[in-house]
Each structure stands twice: as C-alpha cells, then as structure tokens.
Amino acid sequence: MKKVLGLALGVLTAIGGFLDIGDLVTDAVVGSRFGLSLGWVVVVGVVGICIFAQMSGRVAAVSGRATFELIRERLGPRAGLANLGASFFINLMTLTAEVGGIALALQLASSVHYLLWVPLAAVAVWLVIWRVKFSIMENVAGLVGLALIGFAVALFLLGPDWGELGRQALQQAGLGSEKVSTYWYYAIALFGAAMTPYEVFFFSSGAVEEGWTAKDLAQSRANVLVGFPLGGVLSLAIAGCAAVVLLPQLIAVTSLSQVMLPVAVAGGKLLVAVIIIGVVAATFGAALETTLSAGYTIAQFFGWPWGKFRAPARAARFHLLMIICLIVGVGVLMTGIDPVQVTELSVVFSAVALPLTYLPILIVANDPEYMGRFVNSRLMNAAALVYLVIILVASLSAIPLMIITGAGR
Amino acid sequence: MLAGLLLLSGCGQHAATEDDLIHALTEAHSALGASVLALDQLDQGRATRAITETVLEDMSKQVSDAQHTIDPIKISSDAERTDRDATATVLAAGSAAVLEARDELALHDRSVSPDGLIAADVATTNLLNRLREDE
C-alpha cells in the first residue's frame, strides 16, 4: 500500500511539476497563432524528455552520482566545461524567466505590479531551498501544480469543435497569415520548452538527493513514463484553450494575463483562481529546480560539496552560488525587461544548447563502467539516436530562424 | 543587371515597409481584441478586476510598442507615406482607447464601456485589410 501511494505521489508530482513558465507561455502563444497544428511537437518533445530523463535518473540511481559529476569525469574537463558553459547560461535565463513568472502570476492575483513581487519571489525561493526538505519541496510544488489541470477542464467547458481541433492537429488547417518560417521557429521553441536542460540535471541530482538506488528504477520509470506524458496533455490543453478562444479573434498571446482570458470565458473567476494557484506553484517549483540546477551543475563540475542533503555550512559554495544566481536573475528582471520575452528567448536558446546537454548523458548511459548491467538497451539507444538527430537539427536551425522571423514576429 | 538589382532592392524595401506596417497593425488589433475580451469578461463577472487591469496594462504597452516600431520606417514614395501616416493615426487612436479604458477602470469602480476600443479596432482592421489587399 505504501509502495502504491509512493508511486502515485511520484506520478502526480511529475504531472504537476511538468509545466513551467516556458511551457505555459509558449503553448498559449502557439495555440493563439497556429491552433493545434503544432501539437505534434508537444508529443515529440514529451517522448524526448521521457527518454533522456529516464536515462538521467537511471544513471544517477545506478552510479549514485549525478550527471555533471560523471560528464566531467567521462568526457574530460574541456568537453565538460563547454557543456557547463552552455547549460549554466541557459539555466540562468530560465531561472530569471521562472522568477519573473512567479511575479507575473502574483500580479494577476493582486493587481500589485510584478516588479514589486520579483525580489519577494526570489527571497521566497531562497528560503524554501534553505529550510525545506527536498522531498517536501518537490512534492508540494508538484501537487499544488496539479491545479493546472484546470486548463483541461477549461477546454472541456469551452465545448470546442473537436473535429476542427483534430484537423488543426493533423495540419489539415492552413496557417492563415502566418509564414512557414514562423511556424518552424515556434516548433523549435515548443521543442526547447519541453526539453529544457535543467529538467535533466534536476532529475538526476534529485535522485542522488533522495538516495535512489537501482531498486528505485521502477518508481523513476513510472514518474517519467506516466507523469510526463500526462503533463504533456496539459500543454495541449493550454494550446487548445488559446486556439478555441483567442485564435478566431486573432488575439496573439504576448503576456501571461492573456493566457487567463480563455479560462475566464470557460469557467469564470473560480477556475481562474485555481489556475493562478497552479501557475504560481508551477513557476515556483520550476524556480526551485532551476536555482538548484544552477548550484548542481557548477558544484558537480568543480567537485564542490553539493546537495540539500548536506547542511548548508558543509556546502557553503553550493548555497552561495544559488544566492548569486537569484540575485543576478532579480537584477535582470528589475531592469524592466519583459519576463515573457526572457521566457521566449530561453526556450529557443534551450533548443540551441540541447546537443551539448544530451549527448554526454547518452554516452554515460552506455558506459558499462558506470552502469554495469543497466546500460541502455538497443531500443533505448535507437530512440536516443533518433532524438539526437532531431536535437541537432533543432539546434542548428534555431538561431537562423530567429533571425529570419525576427524572433517569431 | 544593376538596374535589375536596384529594382529588386526598391521592391524589397517597399515590401519591408508594408510588412512593418502590417505587423504593427496586427499587434494593435490583437491588443485591442484582448482588451475588449477582458472588459467583457469583467462585465459578465467571469474575470477579476486584477486580471482585467493587468490585461489593459499589458495591452497598452503592446500598442505603444507597435507605435514605436513604425518610427524608424523609411518611406520611398508618397503612397508609402500615406500608408505610414494612416497607420500612425490608427495606432494613436488605439493607444488612446486602451489607455482610457485602463484609466477608467482604475479611477472608477464601475463597468467600462468597450465602445472606444471596438471603434479603434474596426479602424485598425479596415486599414490592415486594405494594406494586405494592396500587398
């Protein structure tokens, strides 16, 4: 019974913890501009993150060490440094976007300008990391994040023409006034949002934090293979809500506030309140994860003591680094830069950095010296190689498409 | 060949100018539509005041940004100037409508009429459709 409950908790946490500000914004933007014609990218992205998160969790559970520790050891300091540089920069952008997302969501609840919430949000993130146990922190954010199921409820309440949504999903609907280059730009953005690097670093480091062993692989697999796809369904629901309400009126999402409008149409104030709670939880949870990922990547690369399982005094540099990252994030946001623009850029740059992030995981997961009999199966390797090609194509196309389309305008 | 290149670059510039104007008008239309929708939901009691205020604040910035995007446009013909001036006028009206709605909501605790926004949106849409037909 305890095992079943633990399994259920893990899955629920994975669903609720799947979405972050990047997914929320990008899903709504593509829904309002392209309907569900980019729905296939969500499916591709979810399968991809399942493959690499499962691999990353297995590496941590079997070797007892987190991804970045192994990357440096296995690939050497130069390759590790290149990986670190790209990953850390993207992570910092994502952290900034998530803290901004918390502040934007709180503005929606309070009418208090989001800039006033930014420092408070950052302090709250730091306090939770400092004082709250890892498992409690993860589970609470994930479970409260389940409030985002409200988007699926909203889509149902809107009573859409399911046939039309299906036609959009199967790309039998035209692009309207949108250009093909813009369509592919947002395909890459959506892919980057689904496969943001911090998820993998956090997943593997979290496995070490919680003391996972090979016996926990079944739990890890269930979290990933059940939780993430169900989280992906919420991504489609967000896009669907925007497609049903905003697309016909040619309202393109550019702000988090607009994401709430279809929810208001569907379910009124009550549903809006539930969604706002979900958005705060999801962005707060993601801010915790990105902040910890920032600490994990640097500390693991340089061999510093790391982890919440250590008392802060015993991992002082790890904690100091996270504080610095939060201060940098707050500083960037306080310049007045639009957090939604930071979010949109972070998902595209995530796509650029993906090869550097995922190739090392694939290499380590195939190394019997670290993995013993738990190396990748042939099927897993085949799938991972297919994804490596997809990731490379996305990475190489991201910047040219950003230039050609003017960042999706 | 040189003449051909000059002709193409001229055509290219005209297309870019029209593209910029269409983009600015599209952004404004989107912002006005969102503002009308937000006020409508507030009026029906389906959206909170906080959300409506935030939408109007965000949309006023969006229309303002759209106005600024046409500032650096270089015109190369009287027709382009006419289009640019018409776009500037429509955007200014749209911006004024969103600001008025935002301020009305902030100052008075009563429902705000979306008529000004709708009128601005109609003007924006008409100009947008004309520019797209001319393209």
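Me: Buried means under 20% relative accessible area, exposed means over 50%, and partly exposed is what lies in between. How does Ala407(A) count on that scale, and at what relative accessibility?

Reply: Happy to start there, and do keep in mind that this is a predicted model. Ala407(A) has 34% relative accessibility, so it counts as partly exposed. Its place in the chain is the segment after helix 17 (378-405) of chain A. There is a backbone feature to note as well: the phi of Ala407(A) is positive, about 55°, although the residue is not a glycine.

Me: Which other residue has a positive phi without being a glycine?

Reply: Leu250(A) has one, with phi near 55°. Look for Leu250(A) in the loop between helix 12 (217-245) and helix 13 of chain A.

Me: Let's turn to chain B. How many helices and strands does its secondary structure come to?

Reply: Chain B has 4 helices and 0 strands, so reading from the N terminus gives α-α-α-α. To see how the chain is packed, start with burial: 39% of its 135 residues count as buried. Then look at sequence separation. Among contacts in chain B with a separation of 6 or more, 78% are between residues 24 or more positions apart. On the outside, chain B exposes about 6,700 Å², and 57% of that comes from carbon and sulfur atoms.

Me: How should I read a nonpolar core, and which residues of the largest one touch the most other members?

Reply: Think of a core as buried nonpolar residues joined through side-chain atoms within 4.5 Å. The largest one here has 158 residues, and Phe52(A) and Phe151(A) are the members that touch the most others. Helix 13 (residues 256-302) of chain A contributes the most to this core, namely 22 residues.

Me: Which residues does Phe52(A) touch, leaving aside those up to four places away in sequence?

Reply: Phe52(A) touches Met195(A), Val200(A), Tyr358(A), Ile361(A), Ala384(A), Tyr387(A) and Ile391(A). There is also a second, separate core of 13 residues, and its members include Ala24(B), Ala28(B), Leu91(B) and Leu127(B).

Me: Now for the interface. How much area do chain A and chain B bury between them?

Reply: About 2,100 Å² is buried between the two chains, with 57% of it on carbon and sulfur atoms. On chain A's side, Leu261(A), Lys269(A) and Arg409(A) supply 27% of the area buried against chain B, which is more than any other three residues give. By residue count, 28 residues from chain A and 23 residues from chain B take part in the contact.

Me: What are the counts of polar contacts and salt bridges between chain A and chain B?

Reply: There are 11 residue pairs in polar contact between the chains, with both partners at pLDDT 80 or more, and 2 salt bridges. In one salt bridge, Asp20(B) pairs with Arg409(A) at 2.9 Å, N to O. As for the elements behind the contact, helix 5 (77-110) and helix 13 of chain A are those that give two or more residues to the side of chain A that touches chain B. Helix 13 has the largest share of that side, with 12 residues.

Me: What does Asp19(B) form a salt bridge with, and how far apart are the closest N and O atoms?

Reply: The partner of Asp19(B) is Lys179(A), with the closest N and O atoms 4.0 Å apart. The cut-off is 4 Å, so that value is worth reading with care. This pair crosses between chains: Asp19(B) belongs to helix 1 (residues 2-43) of chain B, while Lys179(A) is in the loop between helix 9 (162-169) and helix 10 (180-194) of chain A. With a relative accessible area of 29%, Asp19(B) is partly exposed.

Me: How many salt bridges does the structure hold over all chains?

Reply: The total over all chains is 13. Within chain B, Asp85(B) meets Arg84(B) at 3.1 Å, N to O, and Asp85(B) is partly exposed at 37% relative accessibility.

Me: Where do Asp134(B) and Arg130(B) lie?

Reply: Both are in helix 4 (residues 115-134) of chain B, and they sit 4 residues apart, about one turn of the helix. Their side chains form a salt bridge of 3.0 Å, N to O, and Arg130(B) is partly exposed at 33% relative accessibility. Finally, salt bridges with shared partners link Glu57(B), Arg102(B) and Asp103(B) into one network.

Conventions. Residues are numbered from 1 along each chain as its sequence is written. Chains are lettered from A and ligands numbered from 1 in the order in which they are written. This is a predicted model: local features need pLDDT of at least 70, side-chain atom pairs count only at pLDDT 80 or more; totals for chains, interfaces and linings use all residues. Side-chain values use heavy atoms; hydrogens and water are left out. Buried means under 20% relative accessible area, exposed over 50%, partly exposed in between (1.4 Å probe, protein chains only). Contact means heavy atoms within 4.5 Å. Accessible areas come from the Shrake-Rupley method with a 1.4 Å probe; for residues, only the protein chains shown count as cover. Buried area is the accessible area (1.4 Å probe) that two parts lose on being put together, summed over both. A polar contact is a pair of N or O atoms within 3.5 Å; within protein, one must be able to donate a hydrogen and the other to accept it, and residues adjacent in sequence count only if both atoms are side-chain atoms.
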